[in-house]
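Student: I would like to learn how to read a protein surface that faces DNA, and then how to read a nonpolar core. Can we work through an example?

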Number of protein chains: 2
Amino acid sequence: MSQNKEITIYDIAKSLNISPATVSRGLKDHPAINKDTKKKIIDAAQKMGYRHNTFASNLRRQRTNILGVIVPRLNSSFTSDVIAGMEKTANEAGFNLVISQSLETMKKEVANANTMFNNRVDGLLVSLAYDTTDIQHLENFINKNIPVIFFDRVYDHEKCPSIKIDNYKAAYEITAHLISQGCKKIAHITGNQLRNVYQDRFNGYKQALADHAIPLNEKHVFINDLSGKAGAETAEKILYMNDRPDGVFSANDTCAINCMQVLMKNGISIPQDIAFAGFNNDPTSTIIEPNLTSVNYKGFEMGEVAARILIGHLNNNYDLQLTHTLMLRHELIMRDSSLRK
Amino acid sequence: MSQNKEITIYDIAKSLNISPATVSRGLKDHPAINKDTKKKIIDAAQKMGYRHNTFASNLRRQRTNILGVIVPRLNSSFTSDVIAGMEKTANEAGFNLVISQSLETMKKEVANANTMFNNRVDGLLVSLAYDTTDIQHLENFINKNIPVIFFDRVYDHEKCPSIKIDNYKAAYEITAHLISQGCKKIAHITGNQLRNVYQDRFNGYKQALADHAIPLNEKHVFINDLSGKAGAETAEKILYMNDRPDGVFSANDTCAINCMQVLMKNGISIPQDIAFAGFNNDPTSTIIEPNLTSVNYKGFEMGEVAARILIGHLNNNYDLQLTHTLMLRHELIMRDSSLRK
DNA sequence: CTGTTAGCGCATTCAA
DNA sequence: TTGAATGCGCTAACAG
């Protein structure tokens with residue numbers, strides 16, 4: 001096994017007494033190529049230990065076969081599922097993923113987008129940071145017709161498809177569930193209303209209340225960063241309230257769980273005194289006692305779908321505009337934290 | 001802003017009436033370049049909207065500036081911390097990461113390694129799958145002098161540095177801690193002894209027992225895949241034992257937590273009846289009640305260090321052989337699950 | 001300090 | 001169905 005010398009199509013060509021162009025064609029699905037020639041080429045390539053040089057190919061074809069991914073953070077259960085799904089799909093289609101995290105700040109998101117731009121990714125998969133206000137930093141891509149696809153935390157833009165779940169409906173369902181369990185004063189913990197996921201969930205919550213003739217109590221709406229810390233702080237607030245809620249719907253599980261922990265430490269019974277529901281079906285939902293009712297949606301599948309749409313577009317198999325918004329399925333998982341009956 | 005035409009160094013050269021070579025140098029830290037010329041070049045590049053073409057550069061330099069990463073799975077708290085650390089370091093050094101997961105099987109690990117090889121990564125960062133028996137699939141790299149660095153789940157190979165923590169010592173400490181809390185019959189749950197992390201932890205446990213004159217009870221050693229399910233099954237076994245342990249040291253937190261849950265549901269008090277300790281300091285350690293004593297080690301830092309060593313080597317700043325094994329710090333975090341006094 | 005030149009490996013146009 | 005020729009954009013000798 002030679003250590004240093006890479007085999008090229010020229011080497012194969014020489015050994016077979018044919019032209020490099022033919023070898024290049026033989027290695028692909030080129031239509032105009034004799035079957036036998038093709039087989040000969042592939043066999044020789046195999047035997048000589050040829051490996052395709054992506055970079056030369058990229059340079060020549062003016063494509064990189066790289067998909068850029070920008071996520072708020074890599075180390076969350078949901079995100080890593082998404083990435084795993086993307087990796088699988090991309091891999092199968094011969095694409096590589098370059099992944100970066102915004103750490104929930106627009107500033108780093110902008111920097112990441114610029115790096116991706118310079119790296120000439122063929123397309124971009126984006127889930128927005130907590131505080132991103134606009135997508136100026138993605139205009140470079142859009143202007144150059146480099147496809148940008150949003151997932152989960154999306155942005156409404158004519159040229160960019162979105163893949164998400166029906167957050168409004170899920171929130172409606174989970175709120176209605178709490179009501180069906182006898183809750184009459186349901187608090188809501190949510191995040192920055194710039195992000196569709198939190199806005200939609202808030203709206204679903206409000207509509208469910210309205211439909212059941214329950215007035216919205218503004219004191220029972222908590223807007224924060226949905227961190228564990230924020231959950232604990234919310235619990236403190238609830239403890240000091242005259243008019244305590246008898247149910248809490250938190251827009252994510254982390255926040256719900258930390259809130260529950262503090263409440264329980266202070267003698268509140270869940271679900272008897274206060275019922276709880278979260279969102280995301282984090283693995284922690286089944287560790288907290290009582291187990292947390294939540295909304296499950298498949299990150300892995302979302303990753304697969306997002307990558308598939310992007311790759312399909314790049315391969316000109318179908319048009320981005322056709323899939324402007326894609327809604328994936330979700331499911332409500334009822335657990336002890338909300339079951340009072 | 002033109003949509004289609006990319007600016008090249010030739011365009012800049014022409015507009016400045018200098019040679020492309022000078023432009024190429026000006027854009028880098030080339031030593032032999034006039035300061036003013038450099039500034040002129042950088043300004044022009046900026047103004048003209050130049051972006052560096054990595055692929056042409058790669059082709060020419062015969063380097064890809066891509067680091068391959070193979071991990072057992074992306075969606076674990078520890079791994080995603082590691083990846084985040086690698087991403088940060090790589091990014092700062094102008095390298096990209098291509099990440100893939102073996103899903104804990106050697107078969108996929110082999111496939112991933114081959115893909116990486118064909119993608120011509122400049123170096124490889126690997127944490128081995130659960131059942132990997134040998135590293136034949138990495139010989140391609142080693143033969144070609146493409147550096148391979150192991151982290152966490154390492155393999156002893158003369159040419160491949162390893163980055164890990166002192167699993168032996170950590171396990172020794174945590175076992176000694178349980179003993180100090182009055183435990184006299186400490187069980188151990190561990191994984192495939194092919195993996196250094198589990199073997200070392202097992203050895204540390206055994207040595208701690210020996211040093212405290214506690215005989216090893218083989219019935220109290222459980223070898224499984226350390227999944228949550230395995231933890232629950234282990235709990236069932238413990239429940240049916242005549243001679244129940246009064247302490248459990250699990251080689252990871254997931255398994256410990258599921259085991260605790262089942263035991264508690266069956267009336268066992270923790271830590272009074274059975275004290276518990278895990279490993280990894282998973283976020284779930286502070287959600288389970290009582291909170292789980294565990295060993296903390298910084299995945300983010302491990303990722304940073306691994307990437308830094310690899311990049312340092314690639315840039316010929318230092319030699320791989322010098323850092324054959326690098327041991328990072330760990331810390332024992334004592335929580336209620338083990339504190340009986 | 002700067003310029004000239006050549007070629008990294010491939011895919012494609014055009015011609016045969 | 002195949003071949004010849006070209007250039008994608010850059011960098012590194014080498015020469016000045």
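Student: How do the residues of the surface near DNA strand C divide into nonpolar, polar and charged?

Tutor: This is a predicted model. A residue counts as near the strand if one of its heavy atoms lies within 4 Å of it. On that basis 26 residues surround DNA strand C, and they comprise 10 nonpolar, 10 polar and 6 charged. The closest are A:Y50, A:R60, B:T22, B:R25 and B:R60.

Student: Which part of the strand faces the protein, sugar or phosphate, or bases?

Tutor: Sugar or phosphate accounts for 54% of the atoms of DNA strand C within 4 Å of the protein, and bases for the rest. Individual contacts involve both parts. A polar backbone atom of A:I9 is 2.8 Å from a phosphate oxygen, and a polar side-chain atom of A:K28 lies 3.3 Å from a phosphate oxygen. For A:Y10, an N or O atom in the side chain is 2.7 Å from a base nitrogen.

Student: Which elements give two or more residues to this surface?

Tutor: In chain A they are α1 (9-16), α2 (20-26) and α4 (54-61); in chain B, α2 (20-26) and α4 (54-61). The most come from α4(A), with 4 residues.

Student: What should I look for in a nonpolar core?

Tutor: In soluble globular proteins, nonpolar side chains tend to be buried together. Here the largest nonpolar core has 88 residues, and those touching the most other members are A:M86, A:I163, A:F249, B:M86, B:I163 and B:F249. Another core, of 54 residues, lies apart from it and includes A:Y130, B:I238, B:V248 and B:I257.

Methods. Residues are numbered from 1 along each chain as its sequence is written. Chains are lettered from A and ligands numbered from 1 in the order in which they are written. This is a predicted model: local features need pLDDT of at least 70, side-chain atom pairs count only at pLDDT 80 or more; totals for chains, interfaces and linings use all residues. Side-chain values use heavy atoms; hydrogens and water are left out. A polar contact is a pair of N or O atoms within 3.5 Å; within protein, one must be able to donate a hydrogen and the other to accept it, and residues adjacent in sequence count only if both atoms are side-chain atoms. Ala, Val, Leu, Ile, Met, Phe, Trp, Tyr, Cys and Pro count as nonpolar, Asp, Glu, Lys and Arg as charged, and the others, Gly among them, as polar. A nonpolar core is a set of buried Ala, Val, Leu, Ile, Met, Phe, Trp, Tyr and Cys residues joined through side-chain atoms within 4.5 Å. Buried means under 20% relative accessible area, exposed over 50%, partly exposed in between (1.4 Å probe, protein chains only).
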